[in-house]
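Please examine the sequence and the three-dimensional structure shown below. The report that follows addresses model confidence, overall fold, an annotated segment and selected residues.

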Amino acid sequence: MAFTLYSLLQASLLIVNAVAVLHEERFLRHVGWGSDQGIGGFGEELGIKAQLTNLIRSVRTIMRVPLIALNSVTIILLLLFG
């Protein structure tokens with residue numbers, strides 16, 4: 001299997017899919033990354049944990065509809081071209 005731009009895009013799509021399906025109450029809270037963890041006040045620097053939690057929440061919110069379209073296109077391309 002050659003390392004191509006398509007395989008790189010497909011791997012990044014799989015990573016975004018993995019982030020999008022993380023459930024906050026089932027998985028993230030057990031790890032200690034729940035929504036009530038690490039909320040800073042105004043003007044405070046957020047730690048890396050709070051920033052990653054915000055990134056996961058943002059990906060789940062914003063990328064929901066585009067991921068459906070991208071997954072559909074990827075499945076069709078794989079069915080057509082193998």
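Among the elements of the protein chain, which has the lowest mean pLDDT and which the highest? Helix H2 (residues 24-31) has the lowest value, 73, and H4 the highest, 92. Here pLDDT is the predictor's confidence in each residue, on a scale from 0 to 100. For the protein chain the mean pLDDT is 82, with 87% of the residues at 70 or more.

This is a predicted model, in which local features need pLDDT of at least 70 and side-chain atom pairs count only at pLDDT 80 or more, while totals for chains, interfaces and linings use all residues. Residues are numbered from 1 along each chain as its sequence is written, and side-chain values use heavy atoms, with hydrogens and water left out.

**Fold and annotated segment**

The protein chain contains four helices and zero strands, giving the pattern α-α-α-α along the sequence. These elements are DSSP runs numbered from the N terminus (helices: H or I, at least four residues; strands: E, at least two). Of the 82 residues, 16% count as buried; buried denotes under 20% relative accessible area, exposed over 50%, and partly exposed in between (1.4 Å probe, protein chains only).

An unreviewed UniProt entry annotates residues 62-81 as "transmembrane region"; such annotations may be inferred rather than shown by experiment, and their positions follow the numbering used here, with feature names shortened. The span is 95% helix and 0% strand, and its end C-alpha atoms lie 30 Å apart.

**Nonpolar patch**

Tyr6, Val73, Ile76, Leu77, Leu78, Leu80 and Phe81 form a nonpolar surface patch of about 700 Å². Helix H4 (residues 64-81) is the main contributor, with six residues. One residue of the patch is Leu78, which is located in helix H4 and counts as partly exposed because its relative accessibility is 37%.

**Two threonines with contacts to backbone oxygens**

Thr53 belongs to helix H3 (residues 48-62), and Thr74 to helix H4. Thr53 counts as buried because its relative accessibility is 7%; Thr74 is likewise buried, with a relative accessible area of 15%. The table lists the distance from a polar atom of each threonine side chain to a backbone oxygen. A polar contact is a pair of N or O atoms within 3.5 Å; within protein, one must be able to donate a hydrogen and the other to accept it, and residues adjacent in sequence count only if both atoms are side-chain atoms.

| Side chain | Backbone oxygen | Distance |
|---|---|---|
| Thr53 | Lys49 | 2.8 Å |
| Thr74 | Leu70 | 2.8 Å |

Terms used: Patches are made of residues with over 30% relative accessible area and no salt bridge: like charges are joined within 9 Å, nonpolar side chains (Val, Leu, Ile, Met, Phe, Trp, Tyr) within 5 Å. Accessible areas come from the Shrake-Rupley method with a 1.4 Å probe; for residues, only the protein chains shown count as cover. A salt bridge is a side-chain nitrogen of Lys or Arg within 4 Å of a carboxyl oxygen of Asp or Glu.
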